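Colleague: I am new to this one. Could you take me through it, question by question?

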Amino acid sequence: MTPFQYSKPTSIDAALALTGPQARFIAGGTNLLDLMKENLDQPEHLIDITGLPLDQVSQTEAGGLLIGALVSNADLAWHPLVEQSYPLLSQAILAGASPQLRNMASTGGNLLQRTRCYYFYDASTPCNKREPGSGCPARDGLNRIHAILGASGSCVAVHPSDMCVALAALEARVHVQGKAGVRQIDFADFHRLPGDSPQRDNQLAYDELITAIELPAPQFSQHSHYLKVRDRESYAFALISVAAALELDGDNIVSARLALGGVAHKPWRNPAVEQMLQGRAASSESFAAAADMLLADAKPLAHNAFKIKLAHAAIVRAFTEAAATGVA
Amino acid sequence: MSDTPTDPSGQAISLTLNGTPRQLQVQPWTTLLDLLREQLDLTGTKKGCDHGQCGACTVLRNGRRVNACLTLAIMCDGDQLTTIEGVADGDSLHPLQQAFIEHDAFQCGYCTPGQICSALGMANEGRVRSRDDIKEAMSGNLCRCGAYSNILDAVEATLPLIHGGPRP
Amino acid sequence: MNTLKPVSGQPMDRVDGPAKVTGQARYAAEYPTTDLLHGSVVSSTIARGRVRHIDCEAALRLPGVVAVLHHQNRPKLAGEDEQYEDADSADGSPFRPLYNDRVLYSGQPLALVVADNLELARHAGTLVRIEYETDAHQTDLLAGQAHPAPAELPKPRGDFQQAYDAAKIRVDATYSTPIEHHNPMEPHASTVIYHPGGNLEVHDKTQGTQNCRDYLHSVFGLPKEKLRVFAAYVGGAFGSGLRPQYQLPLAVMAALQLQRSVRVTLTRQQMFTFGYRPRTVQQLRLAADAQGKLQAIHHAATGQTSRFEDFTEHVVEWSGMLYQCDNVALDYRLVPLDVYTPLDMRAPGAALGLIGLECAMDELAVELGMDPVELRRHNFAESNGNEGKPYSSKALLDCYSQGAERFGWAARNPQPRSMREGHELIGWGMAGGVWEAMQMKASARARLDAHGQLVVSSATTDIGTGTYTVMTQIAADAMGMAPGEVTFLLGDSALPTAPLQGGSFTVSSVGSAVRQACEVLRGKLLMAARSCYPELAGHPAEDMVISEGELHAGRRRYPLGEILPRSGLEAKVVCEPDARRDGYATATHSAVFVEVRVDEELGTVRLGRVVSAIAAGRVINPKMARSQILGGVVWGVSMALHEETLIDHELGRYMNHNLAEYHIPVQADFADIDVLFVDEPDEIVNALGSKGVGEIGIVGVPAAVANAVYHATGKRMREFPLTIDRVLG
C-alpha cells in the first residue's frame with residue numbers, strides 16, 4: 001500500500017471537514033484495502049469513520065427502518081426486524097462474501113464495492129474504469145462474468161454486491177451528508193451506468209458520506225426470495241442473482257419487485273416489468289413474461305450469452321420461490 | 001481526534017492480545033496480519049492471499065471472526081484480539097484443537113489456524129443448527145488439501161462443547 | 001511375551017498435529033532473525049520482448065529501501081543450462097531469474113526490491129518503472145505449432161487403424177482440459193539467514209531440500225557445505241515445490257549481494273507466475289466388439305509447454321496399461337508458447353489422461369448398451385500391456401465390486417435423465433483410476449541413545465501427507481519400540497539423501513530406508529546386548545522390545561546404558577528398490593463412483609456423494625491415507641467442476657490470478673465422501689507392501705463426475721471444467 005495519513009474523527013462534521021479528492025472514508029475496509037493493496041486506489045488520507053454514531057438500526061415514523069451506515073453486514077442480516085420484515089435483505093446479505101467479511105463490512109461500504117472485472121483488478125492492463133481513456137480489454141476479451149444490460153462501449157463491468165440487489169428491489173433510500181448539507185438518493189439513482197465515464201460508480205461526491213439506508217415500511221415480508229447463482233456453492237460472486245418480491249392476494253399479484261445482480265453496472269431494475277405483473281396470476285407464465293420483458297434489451301458479449309438464459313430461468317425460479325414462501 | 005503521526009515509528013495503540021494488554025507502535029498502513037506476523041512474531045495467523053479470499057488469516061476481534069489481512073492494525077486500538085496462539089489453555093489444547101487432531105482435519109496445516117478461529121467465531125455467533133449450516137458458515141476458509149469433510153466432522157463434534165454453541 | 005502391538009496399520013494421530021493446531025509449526029516465511037530484509041518481486045506485464053530500461057530511482061529514494069536487483073546489477077550467475085537443472089527439470093533451457101533482458105512470459109520476475117520491512121518493499125516495488133520492447137506473442141494452444149513430445153512413449157502394438165476400422169462399435173471423442181495452478185494455501189517463500197562467513201541457512205517452501213541445495217550450489221557456485229536448506233513444514237505444494245521456484249534464487253541473490261538475511265514471499269498473484277498443469281486437447285478413439293472387448297485404443301494428446309523447455313508428463317501411457325487391448329497407439333505432442341514451463345501437479349499426466357480415457361470408456365459403454373463397470377471388468381488387464389509385465393498386484397476388480405456395492409450401483413437405471421428430485425436431475429457415474437507405484441533410491445539414519453530415544457532421519461519432507469507420522473510408525477515397528485519414543489527428522493538438506501517428495505513414492509522409498517535402517521540398528525543392538533549378556537544368546541529376537549531405556553527380554557530388563565556405547569548406536573542405510581520388482585509392473589488402482597445433482601435450468605452441478613475404492617497395497621496409517629484420498633477426491637471434483645486459469649491471449653496474461661476468481665471448492669461444495677481400501681497384499685512392491693496414496697485419490701474422479709453429469713442430463717460435455725455456462729450452452 002502507498003503510505004497515507006490516518007485520522008479518526010468522532011463527529012460527522014469533523015469527518016466531512018477532512019474530505020478531499022484524495023481522501024477516502026474507511027469503515028470495514030474489506031474492499032478499500034483490497035484495492036489499495038493492488039494500487040488500484042491510492043488515497044493520501046484515510047478517514048476512519050468507525051467512531052461515528054452511525055451504528056444503530058431504528059424504526060422510522062413511516063414504519064420502515066433506518067439502518068446506520070456502520071451497521072455490519074452480519075448484524076444487519078441477523079437483526080430481528082430485518083429477519084422478520086425484510087427477509088429478502090437478510091437472504092441477500094448472507095449470500096454474499098464470507099462470514100468473516102460480513103462481520104467486517106459496513107452497510108454503507110457495501111454500496112461502494114467496486115467491480116470484480118478481471119481487467120479492472122489488474123493494474124497492468126488497460127481499463128477505462130481505472131484509467132479513463134485507456135480502453136476496455138474485457139469487451140473483446142474474457143467477459144464471461146460481464147454485463148448483458150446497460151453496458152457501454154467503454155465498460156462492460158458489473159456491480160458485485162448482493163445486498164444492493166435486495167435494496168434496489170426494496171426501494172431503499174440512501175441518506176447522505178456532505179459539506180453542503182444532507183440529501184437522500186433513491187436507490188435506483190444511486191449507482192450509475194457506465195456510459196462514457198465508467199470511472200464513476202455512483203452519484204456520491206467525494207465530500208459526501210453515506211450516513212444511513214432507509215427502508216420503506218415492509219411490504220414483502222411474506223413473499224420474497226433472493227436467488228444467487230455462482231460458480232461454487234458459497235464465497236463467490238454472483239454470475240446472476242435475483243431479488244424477487246411479491247405482495248399477493250390469494251394467487252394474484254398485488255405488487256411485485258424484481259432486481260438483478262451480475263448483469264449490469266448497477267443492480268438492474270425495470271419498474272415497467274413490475275407494473276406489468278400487477279393484477280396477474282402468480283404463475284410461471286407471468287414470471288416468464290416478466291423475465292422476457294426485463295431481458296428484452298439484453299446484449300451478450302462473446303462469452304456471456306448464457307447469462308441471458310440463466311437470468312431468465314433464475315427470475316422465474318426466484319418468483320416461484322417467493323410466491324411459495326410463507327405458504328404452509 | 002487522532003491525526004496521522006509524523007513520527008516514523010508510527011502511532012501508539014493499545015489492545016489486548018490473547019489476554020495480555022499490549023502497547024504497540026504501528027504505521028497506519030500496517031495490517032493486523034502483518035503486525036502479528038512481522039512485528040510480533042505471532043506467525044500462527046497465516047497469509048494465504050492477503051485479500052480476504054481464503055480465510056487463513058482469520059482471528060477473533062472482540063469475539064468476532066475477521067480477516068486480519070483486511071484489517072488495519074491502527075483501527076484495532078482498544079480491541080480484544082485472539083489468535084490461534086491464544087486458543088489453547090496453556091499446554092492443554094482447546095477441545096476444538098483436540099478434535100482437529102482426532103479427526104485428521106488438516107494435512108499441510110496452513111489453513112488450520114484460520115479454520116479453528118473461524119469455527120470459534122461461528123460458535124460465538126450461535127446461528128448454526130445443522131451440519132449443512134456449518135458447511136455454509138465454514139465456507140469462508142479455503143483448504144487446498146481438501147480436508148473439508150474432516151474439518152466438518154471435527155467442528156460438528158465439538159460445537160456442543162464450545163461456549164456459545166448452537167442454540168436449541 | 002514382550003510384544004508391542006505394531007503401530008503400522010493403525011490410525012495413529014499425526015505427530016505434528018499439536019504444532020499445527022496451535023500455530024507453532026513454522027513455515028518458510030516464518031523464521032525470524034535480526035535485521036531481516038524483505039524482498040518484493042516486480043513482475044513483467046508483457047508476454048514477450050525485452051526490457052529496455054528499469055527505472056529504480058523512485059524506489060531507491062525511499063528511506064529503508066536497500067537495493068533493487070535486476071539483470072544489470074545482480075550477482076554473478078552460472079552460464080550453462082546444466083547448471084540450472086534440478087531433479088525435476090524438463091528438457092531444454094531452464095528459466096534463469098534476472099539473467100538478462102529477455103521477457104519470456106507475462107509475470108516473469110524482472111526485479112527484486114529489497115527493503116527494511118515488508119510493506120516498504122511492496123510499496124517500493126510498485127514504484128519501479130520498466131520500459132519494454134514488445135514482441136508478438138502466442139499463448140493459445142490451439143493456435144500454436146505442435147511437435148512430438150520428447151517422451152519415451154510405449155511403441156505402438158498391434159495395428160490400431162486396421163482394428164479400429166474393422167470394429168463394430170467405435171468412439172471418437174475429443175476432450176479439452178484447462179490450465180490449472182497448484183495454489184497451495186501457503187504462498188512460496190524463502191527465508192535466507194546469512195551467517196557470519198557467508199553460510200546460508202535457507203528455509204524454503206520445497207518438496208526437496210537437497211534439490212534446492214544442489215541448485216543453489218550450481219547456480220551460485222557456492223560450496224555445498226555453506227548451504228543448508230530446511231523445510232520443516234510445508235503449507236501444501238502438490239508439485240509446486242518439486243523444482244526450486246524463483247523466490248529462492250532471488251532471495252539468495254539479495255543475501256549474497258548485501259551480505260544480509262533476506263526473505264522473499266510471493267503474492268497470491270505471483271503464485272500464477274511459475275509452473276502449472278498444462279492445458280491439453282485429447283483425442284480418444286476406442287473400438288470394441290459387440291461383446292464389449294476392446295479392439296483398439298488410440299490416445300493422442302497435445303499439451304502446452306514454454307518456448308524454453310519441453311515439459312512432458314505421462315498423459316497417454318495409461319491408455320495402454322489400464323485395459324487389455326492388443327491394438328494400441330499413443331501419441332503425445334507439445335505446443336511451445338510464450339508462457340512459463342508447466343510443472344508436475346498432483347497426479348501429473350494421469351489426472352489429465354484419465355479424463356480422456358475414462359470419459360471415452362463411458363461413451364463406449366453407452367454405445368455398447370453395457371454397464372460401465374461391467375465394460376471395465378470385461379477388459380481387465382492382468383499385465384501392463386505397455387511393458388509386457390504382470391502386475392505385482394492389482395485388486396482393481398475388488399475396487400469395482402466393493403465400490404459398486406457401497407455406492408448401491410446395482411440400482412442404477414442406465415437411462416440418462418432417469419432420476420429427478422425437484423429441480424435437480426440426478427446422475428450416477430463412475431470411472432477407474434491408475435497411478436504408478438514407484439520406488440526411488442533413498443537413505444535414512446537411525447540412532448538410539450542410552451536413554452532409549454530413537455531418532456530416525458532422512459532429508460524428505462512432509463507436505464501434509466503425513467510423512468512425520470508414517471515414518472515414526474515404520475521406525476517404531478522395525479525397532480520394536482513404542483512410537484512415543486521415536487522422533488523422525490526431515491526437511492533438512494544435511495540429513496541422509498532422499499528423493500523429492502512426490503509421485504506417491506515417499507512411503508515406499510523413504511519408508512523402506514527407514515525400516516531397513518531400524519532393522520540394521522536393532523541387529524546391532526541385539527548383537528551388543530548378547531555380547532554383554534550371554535544369556536540373551538538363545539533368546540528369540542522377536543521377543544525383545546525396547547522401552548523406557550531398557551531392552552526387555554522375557555521378564556528381564558537390561559538398561560540400554562549398559563549395552564550401548566556412551567555415544568549411542570547408529571545405523572545408516574541406502575535403500576534401493578528390490579530387484580524383484582524388475583519383472584513386474586507396479587501400480588495403484590481405484591474405482592470412483594459419483595452422484596451429481598444438476599439443475600438444468602440454472603446450470604449448476606452439485607456433488608451428491610462419492611465412493612472411492614482404492615487398491616494401494618498395505619496402508620500404513622489408515623487415518624491419514626483416507627485423508628489423502630479425501631483430498632484427492634476434492635481435487636478431482638475441483639478439476640471437473642471448478643478450476644480453470646483464464647488467459648487473455650491478446651495480452652498473453654492470466655487474468656483470474658487470485659482466489660476469488662480462480663475457484664477451488666469451499667466447504668459448502670462438499671458432500672459425503674466414502675473411502676474404502678480394498679485388501680491388496682503385495683510381497684513384491686517393497687518390504688512394506690505399501691504403494692502410496694498421494695495421487696491415486698484424484699485420477700478417476702474428474703471423469704466419474706463428468707460421466708455422472710452425462711447420466712443426469714444426457715448431455716456429453718467434453719470441455720472441462722463443467723461450469724454453468726457449459727451446462728447451459
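Colleague: How many Å separate the centres of domain 1 of chain A and domain 2 of chain A?

Modeller: Keep in mind that this is a predicted model. The domain assignment of chain A gives domain 1 as 5-48 and domain 2 as 223-324. Taken over C-alpha atoms, their centres are separated by 36 Å.

Colleague: Which strands are the edge strands of the open sheet in chain A?

Modeller: The open sheet has 4 strands, paired antiparallel. Their order in chain A is β9-β10-β11-β12. An edge strand pairs on one side only. In chain A that picks out β9 (223-230) and β12 (268-269).

Colleague: Which residue does Ala259(A) stand opposite in β12(A)?

Modeller: Strand β11 of chain A covers residues 252-261. β11(A) and β12(A) pair in the antiparallel sense over 2 bridges. Opposite Ala259(A), in β12(A), stands Arg269(A).

Colleague: Which strands of chain A does α12(A) touch as it packs on the sheet?

Modeller: The direction of α12(A) makes about 35° with that of β10(A). In packing on the sheet, α12(A) touches three named strands of chain A: β9, β10 and β11.

Colleague: At what angle to β9(A) does helix α5 of chain A run?

Modeller: Helix α5 of chain A spans residues 87-94. α5 lies across β9 and β10 (238-249) of chain A. Its angle to β9(A) is about 15°.

Colleague: Are α11(A) and α12(A) parallel, antiparallel, perpendicular or oblique to each other?

Modeller: Helix α11 of chain A holds residues 284-294, and helix α12 of chain A holds residues 306-324. They pack with their axes 9 Å apart, at an angle of about 140°. Because of that angle, α11(A) is to α12(A) oblique.

Colleague: Is the crossing of α11(A) and α12(A) left-handed or right-handed, and how many charged residues does their contact have?

Modeller: On the α11(A) side, the residues include Phe287(A), Ala291(A) and Leu294(A). Among those they meet in α12(A) are Ile315(A), Val316(A) and Phe319(A). α11(A) passes α12(A) in a crossing that is right-handed. By class, this contact has 8 nonpolar residues, 3 polar residues and, for charged, none.

Colleague: Which residue takes a positive phi in the hairpin of β4(A) and β5(A)?

Modeller: Strand β4 (residues 57-59) and strand β5 (residues 65-68) of chain A run antiparallel, joined by 3 bridges. Gln59(A) stands opposite Leu65(A) in β5(A). The hairpin has 5 residues between the strands. Positive phi, near 90°, belongs to Gly63(A).

Colleague: Which residue in β8(A) stands opposite Gly68(A)?

Modeller: β5(A) also pairs with strand β8 (residues 208-215) of chain A. These two run antiparallel and are joined by 4 bridges. In β8(A), opposite Gly68(A), stands Ala212(A).

Colleague: Let us go to chain B. Are α2(B) and α3(B) parallel, antiparallel, perpendicular or oblique?

Modeller: Helix α2 of chain B runs over residues 95-102. Its axis and that of α3(B) come within 10 Å and cross at roughly 130°. That crossing angle is why α2(B) is, to α3(B), oblique.

Colleague: How many nonpolar residues are in the contact of α2(B) with α3(B)?

Modeller: The crossing of the two helices is right-handed. Leu96(B), Gln97(B) and Phe100(B) in α2(B) meet Thr112(B), Ile116(B), Ala119(B) and Leu120(B) in α3(B). There are 2 polar residues and no charged ones; the nonpolar count is 5.

Colleague: Which element gives the most to the side of chain B that touches chain A?

Modeller: 27 residues of chain B are in contact with 27 residues of chain A. β4 (64-67), α3 (112-125) and α4 (131-137) of chain B each supply at least two residues. By class, the chain B side has 10 nonpolar, 11 polar and 6 charged residues. With 4 residues, the element that gives the most is β4(B).

Colleague: Which element supplies the largest share of the side of chain C that touches chain B?

Modeller: This contact takes 47 residues from chain C and 48 residues from chain B. α1 (17-21), α3 (118-127) and α13 (622-641) of chain C each supply at least two residues. The chain C side divides into 23 nonpolar, 15 polar and 9 charged residues. The largest share, 8 residues, comes from α13(C).

Definitions and conventions:
Residues are numbered from 1 along each chain as its sequence is written. Chains are lettered from A and ligands numbered from 1 in the order in which they are written. This is a predicted model: local features need pLDDT of at least 70, side-chain atom pairs count only at pLDDT 80 or more; totals for chains, interfaces and linings use all residues. Axes are lines fitted to C-alpha atoms, for helices over the stretch in contact, and angles run from 0 to 180 degrees between N-to-C directions. Angles under 35 degrees count as roughly parallel, over 145 as roughly antiparallel, 65 to 115 as roughly perpendicular and the rest as oblique. A crossing is left-handed if the near helix is turned anticlockwise from the far one by less than a right angle, and right-handed if clockwise. Two residues are in contact if their C-beta atoms, placed from the backbone, lie within 7 Å. Ala, Val, Leu, Ile, Met, Phe, Trp, Tyr, Cys and Pro count as nonpolar, Asp, Glu, Lys and Arg as charged, and the others, Gly among them, as polar. Two strands pair if DSSP finds at least two bridges between them. Domain bounds come from an automatic or database domain assignment.
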